[in-house]
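Here is a quick, informal tour for anyone meeting this structure for the first time. Have a look at it below, and then we'll walk through it piece by piece.

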Amino acid sequence: MLDQLQQQLEQVYEVDTSLQVSEFLITDPELAERYDTSENPREVHEKLLLSQNEEHLDVALYLSEEIVTHLEQNNPLEILDESNLHQFWVALEGISHFTYLTWNAQYDREISLFELELQAEV
């Protein structure tokens, strides 16, 4: 279902990353905490985790198990209502961040945190 949401976003953006977000997904909060190298790590249900050096970029999308399980049980592609709207927006924001970042990375385009946040709000 997450990959289907990504495909729909890519259609809207008219891009093709040739990646599946599910292959970069982690749901373990301890693993996400270990990979979060930011100065002020936050406990949230969604975050895009990055590690970059001169040779490559490592990417993972953390979505809490709670969010993923809820969406699997209440698929927003079948019905979107107050029972799954919050979880849908959380997941969609993370998928949107992932899509924007990976597409730009494939073209060696630099992006700022501001651009990433602004793009997800649109």
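Let's begin with a pair of strands: β1 and β3 (residues 57–63) run parallel and are joined by 2 bridges. You can pick out the partners by name. I26 has Y62 in β3 as its bridge partner, and L25 has L61 in β3. Keep in mind as you look around that this is a predicted model.

Now bring in the other neighbour of β3. Between β2 and β3 there are 7 bridges, and these two strands run antiparallel. One of the pairings puts E46 opposite L63 in β3. The two strands also make a hairpin, with 4 residues between them.

Put together, what order do the 3 strands take in the sheet? The order is β1-β3-β2, in an open sheet with mixed pairing. The edge strands are β1 (25–26) and β2 (46–52), each of which pairs on one side only. As for β3, 5 of its 7 residues are buried, so the strand is largely enclosed by the rest of the structure.

Next up is a contact between charged side chains. The structure holds 1 salt bridge. It is made by the side chains of D36 and K47, at 2.7 Å from N to O. This pair links distant parts of the chain: D36 sits in the loop between α2 and β2, K47 belongs to strand β2, and 11 residues separate them. Are D36 and K47 buried or exposed? D36 is buried, with a relative accessible area of 14%, and K47 also counts as buried, at 12%. The cut-off here is under 20% relative accessible area for a buried residue.

Time to move to the surface. D28, E30, E33 and E43 gather there in a patch of negative charge. Of these, D28 is found in the loop between β1 and α2 (29–35), and D28 is partly exposed, with a relative accessible area of 38%. There is a nonpolar patch on the surface too, formed by L80, L85 and W89, with about 290 Å² of accessible area together. W89 has its place in helix α4 (residues 85–106).

While we're around helix α2, take a look at Y35, which lies in that helix. Y35 is partly exposed, at 44% relative accessible area. For a sense of scale, the C-alpha atoms of Y35 and D81 are separated by 33 Å, and the two residues are 46 apart along the chain.

Last come two residues with a backbone quirk. Most residues other than glycine have a negative phi. S18 has a positive phi although it is not a glycine, and D108 has a positive phi without being a glycine either. Here they are side by side:

| Residue | Phi | Place | Relative accessibility |
|---|---|---|---|
| S18 | about 60° | loop between α1 (2–13) and β1 | 62% |
| D108 | about 55° | loop between α4 and α5 (113–121) | 72% |

What does that say about their surroundings? S18 is found in a loop and counts as exposed. D108 has its place in a loop and counts as exposed as well.

Notes. Residues numbered from 1 in each chain as written. Predicted model: local features only at pLDDT ≥ 70, side-chain atom pairs only at ≥ 80, totals over all residues. Heavy atoms only, no water. Pairing = 2+ DSSP bridges. Patch = residues over 30% accessible without salt bridge, like charges linked within 9 Å, V, L, I, M, F, W, Y side chains within 5 Å. Areas by Shrake-Rupley, 256 points an atom, 1.4 Å probe, with all protein chains shown as cover. Salt bridge = Lys/Arg side-chain N within 4 Å of Asp/Glu carboxyl O. Lys, Arg positive; Asp, Glu negative; His and termini not counted. Charge placed at Lys NZ, Arg CZ, Asp CG, Glu CD. Buried < 20%, exposed > 50% of the residue type's maximum accessible area, 1.4 Å probe, protein only.
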